[in-house]
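Dear colleague,

I am passing on the structure below, together with some notes on its side chains that may help on a first reading. Please keep it open beside this message as you go through them.

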Amino acid sequence: MTRFCDETDFGFGWIRDEFLERCSHALAVDGAVWIVDPLDGDGVDERIRRLGHPAGVLQLLDRHDRDCAAFAERFGVPLFVVPTMPVPFELRVVGDRRWWREVALWWPERGVLVCGDALGTAGYFVAPGERLAVHPLLRPMPPRDVFVGLTPRHVL
């Protein structure tokens with residue numbers, strides 16, 4: 001079962017009901033749709049096509065490939081894994097270690113911050129009363145500098 005969320009004029013998100021709660025997003029920039037950390041789900045492809053023309057699939061964390069390759073193949077677009085190349089967003093390095101390579105996507109014009117794993121809202125991330133928290137494995141050494149100076153309106 002797929003549940004849609006994060007509905008905005010520039011995109012949407014979706015969560016597939018499963019043991020580990022994971023969220024994917026589609027973001028439209030000037031008619032081009034960037035698909036971020038996608039999971040297959042009922043109705044997702046149709047929603048992406050209605051949003052605009054797919055431009056690429058972004059995998060923000062090296063070890064969580066999800067259904068990224070399948071989406072890239074289906075839509076005939078490139079797959080960027082922990083991208084460093086030009087996309088219409090700022091990419092900020094969250095971790096560049098052998099065991100944790102991740103970038104965050106910052107879209108300053110919209111005030112959108114997208115994190116693959118460093119930040120989350122799932123029940124196993126947050127303590128009572130929290131809405132957003134650092135990944136449990138990163139708490140001893142949380143990424144700090146990557147988020148300095150950002151004032152997001154949306155954290156995805």
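**Aromatic rings, cores and charges**

One aromatic cluster is formed by Phe4, Phe12, Trp14, Phe71 and Phe75, and please bear in mind throughout that this is a predicted model. By the rule used for ring pairs, the count comes to 8 aromatic pairs. One of them joins Phe12 and Trp14, whose ring centres are 5.5 Å apart and whose planes stand at 35°, so that this pair is described as tilted. Phe12 counts as buried at 3% relative accessibility, and Trp14 is buried with a relative accessible area of 0%. A tilted pair is also made by Trp34 and Phe80, with ring centres 6.3 Å apart and planes at 35°. Because Trp34 lies in strand S4 and Phe80 in strand S6 (residues 79-81), this pair ties together parts that are 46 residues apart in sequence. Both Trp34 and Phe80 are buried.

Two rings of the aromatic cluster also have a charge over them: the charged end of Arg47 sits over the ring of Phe4, 4.6 Å from its centre, while the charged end of Arg74 sits over the ring of Phe71, 4.4 Å from its centre.

Turning to the nonpolar cores, the largest has 17 residues, and those with the most contacts inside it are Leu27, Leu58, Phe89, Leu105, Trp107 and Val114. Two or more residues are given to this core by each of strands S3 (23-29), S4 (32-36), S8 (100-107) and S9 (112-115), and S8 gives the most, with 3 residues. Leaving aside residues up to four places away in sequence, Phe89 touches Leu27, Val29, Trp34, Leu58, Leu105, Trp106 and Trp107. Another core, of 15 residues, lies apart from the largest one and has Val44, Cys68, Ala72 and Val77 among its members.

As for the charged side chains, a search of the whole structure finds 10 salt bridges. In one of them Asp45 pairs with Arg74, the closest N and O atoms being 2.7 Å apart. Since Asp45 lies in helix H1 (residues 44-51) and Arg74 in helix H2 (residues 68-75), the pair ties together parts that are 29 residues apart in sequence. Asp45 counts as buried at 14% relative accessibility, whereas Arg74 is partly exposed, with a relative accessible area of 37%. A salt bridge also links Asp62 with Arg63, where the closest N and O atoms are 3.9 Å apart. Finally, salt bridges that share partners join Arg16, Glu18, Arg22 and Asp67 into one network.

With best wishes

Key:
Residues are numbered from 1 along each chain as its sequence is written. This is a predicted model: local features need pLDDT of at least 70, side-chain atom pairs count only at pLDDT 80 or more; totals for chains, interfaces and linings use all residues. Side-chain values use heavy atoms; hydrogens and water are left out. A nonpolar core is a set of buried Ala, Val, Leu, Ile, Met, Phe, Trp, Tyr and Cys residues joined through side-chain atoms within 4.5 Å. Buried means under 20% relative accessible area, exposed over 50%, partly exposed in between (1.4 Å probe, protein chains only). Helices (H or I, at least four residues) and strands (E, at least two) are DSSP runs, numbered from the N terminus. Contact means heavy atoms within 4.5 Å. Rings of Phe, Tyr and Trp (its six-membered ring) pair if their centres lie within 6.5 Å; planes under 30 degrees apart count as stacked, over 60 as edge-to-face and the rest as tilted. A charge sits over a ring if NZ of Lys or CZ of Arg is within 6 Å of the ring centre and within 35 degrees of the ring normal. A salt bridge is a side-chain nitrogen of Lys or Arg within 4 Å of a carboxyl oxygen of Asp or Glu.
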